[in-house]
Amino acid sequence: MTNTKEVLKGDEVTLDIEPGMNILEVNKKLAQKNKDILKEHNVQAIDIMGSIGAGKTSLIEKLVQKLKNKYRIAVFKGDLTTTIDADRIGRHGVQVLTINTGRECHLDANVVARAMERISLKNLDLLIIENVGNLICPAEFPLGTEKRVVVISVTEGPYMILKHPFTFMTADVMVINKKDLAETMKIDIKQLEKQAKEVKPDVKVAVTNALTGEGVEELIKVLEL
Ligand SMILES: Nc1nc2c(ncn2[C@@H]2O[C@H](COP(=O)(O)OP(=O)(O)OP(=O)(O)O)[C@@H](O)[C@H]2O)c(=O)[nH]1
Ligand SMILES: [Mg+2]
């Protein structure tokens with residue numbers, strides 16, 4: 001059984017920054033290192049970003065259910081505190097490591113590098129990283145994953161994309177989740193898709209209900225998994 005209680009204390013992992021160094025540049029270099037290591041081990045990695053409660057964990061649960069017989073999967077779960085999400089994901093029998101960031105509102109490439117040292121990359125095909133629930137901070141901190149996904153839900157209202165363009169600009173795939181609530185929330189999903197393409201013309205879009213799994217096959221397709 002997977003031990004989902006393992007926690008990497010992200011706030012105790014210090015980044016070597018000297019006066020005059022640009023933290024974003026340092027992160028970018030570390031992200032490239034992570035990317036090289038993942039490539040060397042033939043591991044596909046995905047960074048899943050999105051607001052608090054958008055449905056990231058629910059989608060990951062559905063993805064691992066559908067993909068665990070095809071790929072050897074590990075999940076890193078970024079959260080300020082608790083292993084609640086890790087416990088949810090671990091129930092599906094995949095390896096999960098929680099990264100508790102303390103007060104940090106995003107993961108960074110350094111803490112992901114430390115987490116990568118704790119798992120056996122040679123026994124892995126797919127690494128899914130659930131970033132800390134936040135639509136702003138993760139944008140500027142690539143982790144070294146091949147793909148970035150941003151999840152929004154219709155309950156967040158009609159202006160999430162236009163108001164937070166930077167996160168969407170870094171995303172390869174956008175998920176519009178909680179499709180089942182669109183009518184109640186009076187949200188036009190086509191309009192959200194249009195806005196996403198305005199911000200990032202080549203973004204791929206999947207529309208999902210993470211509770212039932214509707215649209216998850218489409219998500220798997222756009223993720224090329
Ligand atoms: N109706 C509906 N509820 C959903 C859907 N997806 C997720 N939820 C619910 O929304 C709540 C938040 O879902 P999570 O998957 O925990 O969201 P998250 O993005 O991982 O949240 P954080 O990790 O806290 O940022 C839960 O109560 C889910 O059951 C959906 O498609 N439709
Ligand atoms: Mg979650």
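Trainee: What makes G53 count as a polar contact of ligand 1?

Mentor: The distance does, in a model that is predicted. A backbone N or O atom of G53 lies 3.0 Å from an oxygen atom of ligand 1. The cut-off for a polar contact is a pair of N or O atoms within 3.5 Å. With 3.0 Å, G53 qualifies.

Trainee: Which atoms of T57 and E130 face an oxygen atom of ligand 1, and at what distances?

Mentor: Side-chain N or O atoms in both cases. For T57 the distance is 2.8 Å. For E130 it is 3.0 Å. Both pass the 3.5 Å limit.

Trainee: Which residues come nearest to ligand 1?

Mentor: K56, T57, S58, R88 and D180, out of 20 residues around ligand 1.

Trainee: What makes T57, D85 and E130 donors of the magnesium ion, ligand 2?

Mentor: The distances again. T57 uses OG1, D85 uses OD and E130 uses OE, at 2.0 to 2.2 Å. A donor must be an N, O or S atom within 2.8 Å of this metal. These three oxygens pass. Water is not among the atoms, so the site may look incomplete.

Trainee: How are the donor residues spaced in sequence?

Mentor: As T-x27-D-x44-E. T57 sits in helix α2, residues 56-67, and D85 in helix α3, residues 84-90. They are 28 residues apart, and the pair links distant parts of the chain. T57 and D85 are both buried.

Trainee: Why is S51 called buried?

Mentor: Its relative accessible area is 11%. Buried means under 20%, so S51 is buried. S51 lies in the loop between β2 and α2.

Trainee: Which residues does S51 touch beyond its sequence neighbours?

Mentor: K56, G133, N134, L135, V151, E156 and M160, once residues up to four places away are set aside. With E156 there is also a polar contact between side chains, at 3.2 Å.

Trainee: Is S153 buried or exposed, and how do you know?

Mentor: Buried. Its relative accessible area is 1%, and the limit is 20%. S153 is part of strand β6. The side chain of S153 makes a polar contact with the side chain of E156, at 2.6 Å. E156 therefore has side-chain polar contacts with both serines, S51 and S153, each within the 3.5 Å cut-off. Leaving out neighbours within four places, S153 is in contact with A54, N177 and K178.

Trainee: What makes β6 a mostly covered strand?

Mentor: The count. In β6, residues 147-153, 7 of 7 residues are buried. K147, V149, V151 and S153 are on one side, R148, V150 and I152 on the other. Both faces are covered.

Trainee: How do you know which strands pair with β6?

Mentor: Count the bridges. Strand β2, residues 44-50, joins β6 over 5 bridges, in the parallel sense. Strand β7, residues 173-177, also joins β6 by 5 bridges and runs parallel. Pairing needs at least two bridges. Both strands pass. On the β2 side, I48 stands opposite V149. On the β7 side, N177 is the bridge partner of S153.

Trainee: Why is helix α4 called largely enclosed?

Mentor: Of its 9 residues, 109-117, 7 are buried, so the rest of the structure largely encloses it. The buried ones are A109, N110, V111, V112, A113, A115 and M116. Their cover includes β1, α1, β3, β4 and β5. At the start of α4, a side-chain oxygen of D108 comes within 2.9 Å of the backbone nitrogen of N110.

Trainee: Where are the buried residues of helix α8, and what puts them there?

Mentor: I189, L192, E193, Q195, A196 and V199 are buried in α8, residues 189-199. They cover an arc of only 160° around the axis, so they lie on the same side of α8. On the other side, K190 and E198 are exposed. Among the elements covering the buried residues are β6, β7 and β8.

Trainee: What makes D188 a cap of α8?

Mentor: A side-chain oxygen of D188 lies 3.1 Å from the backbone nitrogen of K190, at the N-terminal end. The limit is 3.5 Å, and 3.1 Å is inside it.

Trainee: Why does L121 count as buried?

Mentor: Its relative accessibility is 8%, under the 20% cut-off. L121 lies in the loop between α4 and β5. It touches I37, L38, H41, V43 and M116, leaving out residues up to four places away. L121 and H41 are 80 residues apart in sequence, yet 6.3 Å apart in space, C-alpha to C-alpha.

Key: Residues numbered from 1 in each chain as written. Chains lettered and ligands numbered in written order. Predicted model: local features only at pLDDT ≥ 70, side-chain atom pairs only at ≥ 80, totals over all residues. Heavy atoms only, no water. Buried < 20%, exposed > 50% of the residue type's maximum accessible area, 1.4 Å probe, protein only. Helix = DSSP H or I, 4+ residues; strand = E, 2+ residues; numbered from the N terminus. Donors = N, O, S within 2.8 Å, 3.2 Å for Na, K, Ca; no water. Polar contact = N/O pair within 3.5 Å; in protein donor to acceptor, adjacent residues only side chain to side chain. Contact = heavy atoms within 4.5 Å. Arc of directions from axis to C-beta. Near = heavy atom within 4 Å.
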